[in-house]
Amino acid sequence: FSHEVYGEGFYDLNVRVMRLSGQADVLPVTVSERLISDGELKIGATLCALGQFRSYNKIENGKSRLMLTVFVRELVDMPPSKNPNSIVLSGYICKPPVYRTTPFNREIADLLVAVNRAYNKSDYIPCIAWGRNARYASGFGVGTRILIWGRVQSREYTKKVSETECEKRVAYEVSVSKLECAEHAEV
C-alpha cells in the first residue's frame with residue numbers, strides 16, 4: 001500500500017519487463033485498488049496494463065528528487081506481445097539537450113520532456129536518444145514540441161554522495177526508438 005487520495009487507495013509495485021535483448025527492466029508501477037481484485041497482483045503474475053508515465057518531486061534529506069512511475073489507467077486481458085514495453089510521448093523540450101559520445105564512441109543525447117496532463121499538471125520525463133536520433137535531438141531548442149516513440153527502461157548507476165561514500169541508485173528513462181519534431185510529424 002502506498003497512499004490514499006479522496007478515499008481511493010493506491011499500491012506501488014515493481015514489474016519486470018524483458019527486453020528483446022534478454023535484459024530485464026524493473027519498472028515502478030502505481031495501481032488503484034479499484035482496478036484490482038483480491039489477490040490479483042501476486043509475485044510472478046503477468047500484468048498487462050495501459051497507463052501514463054508520471055513524475056513527481058519527493059523531498060529527501062532536504063533535496064528535491066524526481067520520481068517516476070507507470071500510473072495504471074486500465075488493466076487489459078491481452079497476452080504479452082513480442083515487445084511488451086512501449087510508450088508514445090507528445091511533449092516539449094524543457095532543458096537544452098545534452099549531446100555526448102560514450103567511451104565506446106556511441107552518440108547519446110539526454111532530453112527532458114514536459115508532457116502536459118489535465119488540470120494544469122505536467123510530467124517531466126527523462127529520455128535518451130541514440131545515434132542519428134541523438135544528433136537530430138541535439139538541435140532542438142527549449143520549447144520545441146516533439147513526438148517520441150520508445151520504451152521505458154531502468155538502469156543502475158553509482159552515485160558519489162560524499163568523499164568516502166557511494167550508493168547504488170536506479171534511473172528510469174525513455175529509450176527513444178523514433179523521434180519527430182511535431183511541426184513536421186506524421187501522427
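1. Burial. A residue counts as buried when its relative accessible area is under 20%, with a 1.4 Å probe and protein chains only. By that cut-off, buried residues make up 35% of the 187 residues in the protein chain. Keep in mind that this is a predicted model.

2. Overall fold content. The protein chain has one helix and 11 strands. In sequence order the pattern reads β-β-β-β-β-β-β-β-β-α-β-β. Nine strands therefore precede the helix in that pattern, and two follow, with helices and strands taken as DSSP runs numbered from the N terminus.

3. Size. The radius of gyration of the protein chain is 18 Å. A compact globule of 187 residues would come out near 16 Å, so the two values agree. The C-alpha trace spans about 50 × 50 × 40 Å along its principal axes.

4. Contacts. Take the contacts in the protein chain with a separation of 6 or more. Of these, 54% link residues 24 or more positions apart.

5. Surface and charge. The accessible surface of the protein chain is about 12500 Å². Carbon and sulfur atoms hold 49% of that area. The chain carries 25 positive and 21 negative charges. The mean positions of the two sets lie 6 Å apart.

6. Strand β8 and its partners. This strand covers residues 107-117. Strand β6, residues 87-93, runs antiparallel to β8 and is joined to it by two bridges. Strand β7, residues 98-101, pairs with β8 over four bridges, again in the antiparallel sense. Strand β9, residues 121-130, pairs with β8 over 10 bridges, also antiparallel.

7. Register. Tyrosine 99 stands opposite alanine 109 in β8. Further along β8 comes alanine 114, which faces tyrosine 92. Alanine 114 also stands opposite tyrosine 124 in β9. Alanine 114 thus gives a fixed point for reading the register towards tyrosine 92 and towards tyrosine 124.

8. Hairpin of β7 and β8. Five residues lie between these strands. In this hairpin, asparagine 105 takes a positive phi near 70°. That residue is one to look at when checking the backbone angles here.

9. Hairpin of β8 and β9. Three residues lie between these strands. Here tyrosine 119 has the positive phi, near 65°. The strands on either side of this hairpin are the pair with 10 bridges.

Key
Residues are numbered from 1 along each chain as its sequence is written. This is a predicted model: local features need pLDDT of at least 70, side-chain atom pairs count only at pLDDT 80 or more; totals for chains, interfaces and linings use all residues. Side-chain values use heavy atoms; hydrogens and water are left out. Two strands pair if DSSP finds at least two bridges between them. The radius of gyration is taken over C-alpha atoms; the globule rule is 2.2 Å times the number of residues to the power 0.38. Buried means under 20% relative accessible area, exposed over 50%, partly exposed in between (1.4 Å probe, protein chains only). Contact means heavy atoms within 4.5 Å. Accessible areas come from the Shrake-Rupley method with a 1.4 Å probe; for residues, only the protein chains shown count as cover. Lys and Arg count as positive and Asp and Glu as negative; His and the chain ends are not counted. The place of a charge is taken as NZ of Lys, CZ of Arg, CG of Asp or CD of Glu.
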